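Got the viewer open? Here is a tour, one selection at a time, with a note on what to look for at each stop.

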Amino acid sequence: MASLQILLLLCITVSVSAAGHLQKRIYGGRNCNDNERRYHVMLEQKNGTHVSRCGGSLISDQWILTAAHCWKTALTSSTMNVIVGVHPGNNKKKMEINQADIFPFKDTNNNVHDVMLLRLPEKITDITPIQLPDCTGKDEPVINDLVEVAGYGNCKIDQTTGLEVKSRPAKLQCAEMKVEDCMKGQASIQECKPNEPFGNWLCAEPYAGETCRGDSGGGLVFNNRIHAVVSNGPTCHKNRGTHVFLKVCRYMKWIKNTLKERKRDKKRKFWEGIVNKMGFTESSAMVLQNRVIGGQQCERPYHVRLRAVSAGGASSSCGGSLISNAGTMFADVVMYQGAPAQEIKITAEAETFTDKDINNNIRSHDIMLLQLPTPTDVQPVALPDCECSPELIHSTVHIAGHAATTGGPNNERRPGSSSNLHCADIQVVDCENLKTRLQLNFPQVHRVKENQHWFCGRSPGVDICYGDSGGGVVFNDRLYGVISFLGDPEFVCVRPAAFMDLCNPQYTTWIKKIIT
């Protein structure tokens with residue numbers, strides 16, 4: 001019976017205090033040396049006058065590893081503050097994390113495990129991140145190994161009641177704990193933390209200190225590598241009880257994939273740049289440079305090459321197509337490529353297709369018309385014959401751009417350009433897979449793109465790259481599409497590219513209205 005009472009008490013401590021145990025801080029430790037734990041960060045989330053705090057670890061120049069329960073969705077704030085350089089404290093920097101940059105782990109059943117990644121809004125260059133484990137099994141802590149933990153907080157205990165006294169130390173506290181067998185607490189751990197597989201836990205008991213309220217999310221370190229994240233434990237009193245940590249190696253694939261997938265503020269800002277092309281910030285200048293992969297030199301007299309310059313001086317190159325002798329063209333927003341080439345500055349305001357959502361908010365589509373200042377004698381490309389249009393699916397269409405003509409050794413996209421125009425044939429394919437990928441991995445982009453009208457193209461060894469946006473998609477010598485966005489902003493030739501569909505009735509009517 002006594003044993004049962006202990007297990008029940010532990011479970012009550014764990015489950016009832018999703019606001020209690022989730023705020024553990026170091027008890028019985030020491031002041032960390034100034035050269036220790038510089039990668040430790042403090043997380044803060046406010047709800048009125050109440051501040052919820054956790055720890056975390058800088059694992060790259062822009063990513064924090066912490067515990068998922070540190071993000072409290074019940075609080076009114078939809079942001080979280082991260083303080084880097086909190087130790088030794090002579091160069092603190094507070095940054096705000098928005099919900100879009102918070103990534104908790106979810107399993108295949110959509111259960112959230114108590115581990116989370118945060119993406120910082122800017123890179124940290126003056127702090128060395130903690131190394132991740134190599135996960136070979138050779139360097140992982142085993143039973144009776146001493147491991148290191150750290151945190152701020154309630155470092156004092158009322159000797160009469162055995163309860164914590166709110167007493168946050170001025171310096172980061174470091175402590176050692178001893179790895180123990182989780183089996184002795186298996187029942188209570190699984191009952192109180194049902195989402196995570198039992199094998200994902202690492203257990204430790206107090207040795208020279210222990211974690212208490214507020215330390216959640218901090219790193220458990222062994223041989224100078226982070227092996228686990230502070231997750232859960234008993235109420236901190238008199239150095240008794242089992243503390244549990246989530247093993248980093250059990251989530252390493254997810255960590256690496258998340259860092260790789262989200263290497264994209266570039267990518268996210270790539271999409272945002274496409275949606276808001278008229279803004280031409282420096283980030284959109286970097287991303288609007290798609291070029292044809294797998295093509296060959298060609299001639300397209302009606303193809304134009306555009307150069308846009310941001311207020312900060314950054315420039316970007318795009319494509320476009322001359323569609324009338326009056327000098328009207330599809331383009332991204334300034335260079336006109338003819339024979340001979342001549343540069344023409346466009347001063348007229350661009351015409352971008354817009355519509356409204358159900359709340360009457362204006363939405364911009366990824367299609368635009370520019371007016372040259374004077375007519376040209378270059379033969380324009382014919383607009384599509386949409387009334388007698390063939391079914392494009394599985395047809396081969398023609399794309400063009402000024403080119404980085406290959407990817408890197410691992411098919412990664414890399415910068416490059418060519419003074420010669422490159423063309424390629426690409427097969428029209430179904431867009432459903434790309435739409436699904438946007439919905440799952442880029443929900444913000446999907447919300448923008450789902451109401452636009454586009455078709456897709458993919459062929460082995462052929463792709464568009466950064467800089468080709470706005471170029472024409474041609475079938476039977478007529479312009480049926482405008483290059484819009486990449487299927488995969490990081491690697492070439494792995495997913496379909498997307499083209500705006502000029503035969504959509506909304507676009508057809510708008511084009512005729514503008515050019516006539």
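**Stop 1: helix 6, outside and inside**

Begin on the face of helix 6 turned away from its buried side, where you'll find the exposed residues Asn433 and Leu440. Keep in mind that this is a predicted model.

Now select the whole of helix 6, residues 432–441, and colour Leu434, Arg437 and Leu438: these are its buried residues. Look down the axis of helix 6 and you'll see the buried residues fall within an arc of 100 degrees, so they line one face of the helix.

Stay here and show the side chains of glutamate 432 and lysine 435. They form a salt bridge, with 3.9 Å between the closest N and O atoms. Both residues sit in helix 6, 3 residues apart, which is about one turn of the helix. How exposed are they? Glutamate 432 has 44% relative accessibility and so counts as partly exposed; lysine 435, at 32%, also counts as partly exposed.

**Stop 2: from helix 6 to a loop**

Next, pick arginine 437 together with aspartate 488. These two form another salt bridge, and the closest N and O atoms are 3.6 Å apart. Aspartate 488 is in the loop between strand 29 (478–485) and strand 30 (497–501) while arginine 437 is in helix 6, so the pair ties together parts that are 51 residues apart in sequence. Is this pair buried or exposed? Both aspartate 488 and arginine 437 are buried.

While you're on charges, select Glu44, Arg53 and Lys94: salt bridges that share partners join them into one network. The structure holds 12 salt bridges.

**Stop 3: a salt bridge across the sequence**

For another one, show glutamate 122 and lysine 93, whose side chains meet in a salt bridge at 2.3 Å, N to O. This pair links distant parts of the chain, 29 residues apart: glutamate 122 belongs to the loop between strand 8 (112–119) and strand 9 (146–151), and lysine 93 to strand 6 (residues 93–98). With a relative accessibility of 33%, glutamate 122 counts as partly exposed. Lysine 93 counts as partly exposed too, at 35%.

**Stop 4: strand 4 and its partners**

Select strand 4, residues 63–66. Trp63 and Leu65 point one way, Ile64 and Thr66 point the other way, and all are buried. That pattern fits a general habit: in a regular strand the side chains alternate between the two faces of the sheet.

Add strand 3 (residues 50–58), which runs antiparallel to strand 4 and is joined to it by 2 bridges. Opposite leucine 65 in strand 4 stands serine 57. The hairpin that joins strand 3 to strand 4 goes through 4 residues.

Then bring in strand 8. Strand 4 and strand 8 pair in the antiparallel sense, over 4 bridges. Which residue of strand 8 is the bridge partner of tryptophan 63? Pick arginine 119 and you have it.

**Stop 5: the cores**

Time to go inside. Leu65 is worth keeping selected, as it is among the residues with the most contacts inside the largest nonpolar core, along with Val82, Leu117, Leu120 and Ile255; that core has 45 residues. It draws at least three residues from each of domain 1 (38–119) and domain 2 (145–251).

Zoom in on leucine 120. Setting aside its neighbours within four places in sequence, leucine 120 is in contact with Leu58, Gln62, Ile64, Val82, Val84, Met95 and Ile97. Apart from this core lies another, of 34 residues, among them Leu369, Val381, Cys456 and Trp510.

**Stop 6: helix 8**

Follow Trp510 to helix 8, residues 505–515, where Tyr507, Thr508, Trp510 and Ile511 are the buried residues. These cover an arc of only 170 degrees around the axis, which puts them on the same side of helix 8. Spin the view to the other side of helix 8 and you'll meet the exposed Pro505, Thr509, Lys512 and Lys513.

**Last stop: strands 25 and 26**

Finish with strand 25, residues 396–402. It is mostly covered, with 5 of its 7 residues buried. Add strand 26 (residues 421–429): strand 25 and strand 26 pair in the antiparallel sense, over 7 bridges. To see one of the paired positions, select histidine 402 and its bridge partner in strand 26, leucine 421.

Key: Residues are numbered from 1 along each chain as its sequence is written. This is a predicted model: local features need pLDDT of at least 70, side-chain atom pairs count only at pLDDT 80 or more; totals for chains, interfaces and linings use all residues. Side-chain values use heavy atoms; hydrogens and water are left out. A nonpolar core is a set of buried Ala, Val, Leu, Ile, Met, Phe, Trp, Tyr and Cys residues joined through side-chain atoms within 4.5 Å. Buried means under 20% relative accessible area, exposed over 50%, partly exposed in between (1.4 Å probe, protein chains only). Domain bounds come from an automatic or database domain assignment. Contact means heavy atoms within 4.5 Å. Two strands pair if DSSP finds at least two bridges between them. The arc is that of the directions from the helix axis to the C-beta atoms. A salt bridge is a side-chain nitrogen of Lys or Arg within 4 Å of a carboxyl oxygen of Asp or Glu.
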